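Reader: I am new to this structure and should like to understand how its features are named. Please explain the reasoning behind each term.

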Amino acid sequence: MKKLLLTFTALLASIAHAADGPKETAQTFFHELFAGDADKAAELIYLSPEVIQESAQQGIDEAMLKSQIIELITMKREQAAKEGGIPTAEVGDITYTSSDKTAAKVAITLKKPKSGKSGGESDTLDLIKTDNGWKINLQ
């Protein structure tokens, strides 16, 4: 019974996460990237079959690839802290880039807390809808 309850809870959590849209996924990613859990941020990055295959050809399995991503996320957080503090991310408009709404671009503005600037560094983030919800598509 306890195992069934744990399985059901995990299923509900994955369904709730899959229901998030591209904007919520981007917000969660930046929260986890800068203030949260590097493992959770890494879970939101899409690893295409091509990337996994290319990595495997270089002797890097999927677990090792994810470990490297987590290490990069941790380094990015530490670098941001040294350069004036952890930035905040403002997630803007969503533009769907496929007719079936399985790919999107989300406007992002990163603001450094100690810079005194009213603006920030702006860019777009590519996302892709997978069977496991929306993911950051680094291509």
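Author: The exchange below takes up the overall layout, the aromatic rings, the charged side chains and one backbone angle.

Reader: What should I know first about the model and its layout, and how many helices and strands are there?

Author: The model is predicted. The protein has five helices and four strands. Along the sequence they follow the pattern α-α-α-α-α-β-β-β-β. Of the 139 residues in the protein, 28% are buried. Among contacts between residues at least 6 apart in sequence, 51% join residues at least 24 apart.

Reader: How many aromatic pairs are there, and what makes Phe30 and Phe34 a stacked one?

Author: The structure holds three aromatic pairs. The ring centres of Phe30 and Phe34 are 6.1 Å apart, with 20° between the planes. Rings pair if their centres lie within 6.5 Å, and planes under 30 degrees apart count as stacked. Phe30 and Phe34 therefore meet both conditions and form a stacked pair. Both residues lie in helix 2 (residues 22-34), four residues apart, about one turn of the helix. Together with Phe29, Phe30 and Phe34 form one aromatic cluster.

Reader: Why are Phe30 and Phe34 called buried?

Author: Buried means under 20% relative accessible area. Phe30 has 11% relative accessibility, so Phe30 counts as buried. Phe34 has 6%, so Phe34 counts as buried too.

Reader: Why is the pair of Tyr96 and Trp134 called tilted?

Author: The centres of Tyr96 and Trp134 are 6.3 Å apart and the planes stand at 55°. The limit for a pair is 6.5 Å, and an angle that is neither under 30 nor over 60 degrees counts as tilted, so the name follows for Tyr96 and Trp134. The pair links distant parts of the chain, with Tyr96 in strand 1 (residues 88-96) and Trp134 in strand 4 (residues 133-136), 38 residues apart. Trp134, at 4% relative accessibility, counts as buried. Tyr96, at 35%, counts as partly exposed.

Reader: How do you know that Lys101 lies over the face of Tyr96, and what is said about phi of Lys101?

Author: Lys101 is placed at 5.0 Å from the ring centre of Tyr96 and lies over the face of that ring. The distance agrees with the limit of 6 Å for a charge over a ring. Lys101 is found in the loop between strand 1 and strand 2 (103-111), and at 49% relative accessibility Lys101 counts as partly exposed. Most residues other than glycine have a negative phi. In Lys101, phi is near 55°, a positive value in a residue other than glycine.

Reader: How many salt bridges are counted, and what makes Lys66 and Glu62 one of them?

Author: The count comes to three salt bridges. In the pair of Lys66 and Glu62, nitrogen and oxygen are 3.5 Å apart. The limit is 4 Å, so the pair of Lys66 and Glu62 qualifies. Both residues lie in helix 5, four residues apart, about one turn of the helix. Lys66, with a relative accessible area of 40%, is partly exposed, and Glu62, at 35%, is partly exposed.

Reader: How do you know that Lys111 and Glu90, and Lys105 and Asp126, meet in salt bridges?

Author: For Lys111 and Glu90 the distance from N to O is 2.9 Å. This pair links distant parts of the chain: Lys111 is in strand 2 and Glu90 in strand 1, 21 residues apart. For Lys105 and Asp126 the distance from N to O is 2.5 Å. Lys105 lies in strand 2 and Asp126 in strand 3 (residues 121-130), so the pair ties together parts that are 21 residues apart in sequence. Each distance is within 4 Å, so both pairs are salt bridges.

Reader: Why is Glu32 said to have no salt bridge?

Author: The nearest side chain of opposite charge, Lys40, is 4.8 Å from Glu32. A salt bridge has to be within 4 Å, so Lys40 does not qualify as a partner of Glu32. Glu32 is in helix 2 and is buried.

Reader: What lies 2.8 Å from a polar atom of the side chain of Glu32?

Author: The backbone nitrogen of Asp37 lies at that distance. Leaving aside neighbours within four places in sequence, Glu32 is in contact with residues including Asp37, Lys40 and Arg77.

Terms used:
Residues are numbered from 1 along each chain as its sequence is written. This is a predicted model: local features need pLDDT of at least 70, side-chain atom pairs count only at pLDDT 80 or more; totals for chains, interfaces and linings use all residues. Side-chain values use heavy atoms; hydrogens and water are left out. Rings of Phe, Tyr and Trp (its six-membered ring) pair if their centres lie within 6.5 Å; planes under 30 degrees apart count as stacked, over 60 as edge-to-face and the rest as tilted. Helices (H or I, at least four residues) and strands (E, at least two) are DSSP runs, numbered from the N terminus. Buried means under 20% relative accessible area, exposed over 50%, partly exposed in between (1.4 Å probe, protein chains only). A charge sits over a ring if NZ of Lys or CZ of Arg is within 6 Å of the ring centre and within 35 degrees of the ring normal. Lys and Arg count as positive and Asp and Glu as negative; His and the chain ends are not counted. A polar contact is a pair of N or O atoms within 3.5 Å; within protein, one must be able to donate a hydrogen and the other to accept it, and residues adjacent in sequence count only if both atoms are side-chain atoms. Contact means heavy atoms within 4.5 Å.
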